[in-house]
Amino acid sequence: MVRVQLVMSDEDRDLYFHQARSEGMTLNAWLRAAARERLEARQQVAPFKSPEELEKFFRACDALEGPEMEPEWSEHLALINESRRRGTSNK
């Protein structure tokens with residue numbers, strides 16, 4: 001586990017501390033939960049509202065630059081397995 005140091009105003013610290021305490025949490029746990037909630041909220045994707053919206057999405061994807069053809073599934077698996085063996089995502 002890593003330690004992260006935050007710089008904030010005394011006023012913010014007091015607000016966060018009192019909110020955490022009212023929820024029965026430590027400030028540390030409350031800050032982690034708040035960060036996790038924010039990540040989850042931003043990672044949610046709205047569903048398509050119509051077939052036309054879905055078609056528009058796929059047309060936009062087709063217009064993106066990239067390889068003409070997707071690699072075969074066996075190539076994907078080989079890359080995944082190689083990355084697992086090395087313990088890295090190959091970035």
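User: How do I read a salt bridge here, and which residue does Glu-82 pair with at 3.0 Å between the closest N and O atoms?

Analyst: A salt bridge is called when a side-chain nitrogen of Lys or Arg lies within 4 Å of a carboxyl oxygen of Asp or Glu. In this predicted model, Glu-82 bridges to Arg-85, with 3.0 Å between the closest N and O atoms. Glu-82 also meets Arg-86, at 3.8 Å, and the three residues are linked in a network of salt bridges.

User: Where do Glu-82 and Arg-86 lie, and how many residues apart are they?

Analyst: A general idea helps first: an α-helix has 3.6 residues a turn, so residues three or four places apart point the same way. Here Glu-82 and Arg-86 both lie in helix 4, four residues apart, while Glu-82 and Arg-85 are three residues apart in that helix. Helices are DSSP runs of H or I with at least four residues, numbered from the N terminus.

User: Are Glu-82 and Arg-85 buried or exposed?

Analyst: Buried means under 20% relative accessible area, exposed means over 50%, and partly exposed is in between, using a 1.4 Å probe and protein chains only. Glu-82 is partly exposed at 30%, Arg-85 is exposed at 62%, and Arg-86 is partly exposed at 42%.

User: How many salt bridges does a search of the whole structure find, and which residue does Glu-55 meet?

Analyst: The search finds four. One of them joins Glu-55 to Arg-59 at 3.9 Å, N to O. Both residues lie in helix 3, four residues apart, about one turn of the helix. Glu-55 counts as partly exposed at 44%, whereas Arg-59 is exposed at 51%.

User: Now the aromatic rings, please: how many aromatic pairs are there?

Analyst: Rings of Phe, Tyr and Trp (its six-membered ring) pair if their centres lie within 6.5 Å; planes under 30 degrees apart are stacked, over 60 edge-to-face, and the rest tilted. The count comes to three. Phe-48 and Phe-57 form a tilted pair, 5.2 Å centre to centre with 50° between the planes. Phe-57 and Phe-58 have centres 5.3 Å apart and planes at 65°, so this pair is edge-to-face. Ring pairs link Phe-48, Phe-57 and Phe-58 into a cluster.

User: Which residues form the nonpolar patch on the surface?

Analyst: Patches take residues with over 30% relative accessible area and no salt bridge; like charges are joined within 9 Å, and nonpolar side chains (Val, Leu, Ile, Met, Phe, Trp, Tyr) within 5 Å. This patch holds Phe-48, Leu-54, Phe-57 and Phe-58, with about 360 Å² of accessible area together; such areas come from the Shrake-Rupley method with a 1.4 Å probe. Phe-48 is partly exposed at 41%, as is Phe-57 at 37%. Phe-58, in helix 3, is partly exposed at 43%.

User: Where is confidence lowest and highest in the chain?

Analyst: pLDDT is the predictor's confidence in each residue, from 0 to 100. The chain averages 90, and 96% of the residues score at least 70. Helix 4 has the lowest confidence, at a mean of 91, and helix 1 the highest, at 96.

User: And which ground rules should I keep in mind?

Analyst: Local features need pLDDT of at least 70 and side-chain atom pairs count only at pLDDT 80 or more, while totals for chains, interfaces and linings use all residues. Residues are numbered from 1 along each chain as its sequence is written, and side-chain values use heavy atoms, leaving out hydrogens and water.

How values were computed
Helix = DSSP H or I, 4+ residues; strand = E, 2+ residues; numbered from the N terminus.
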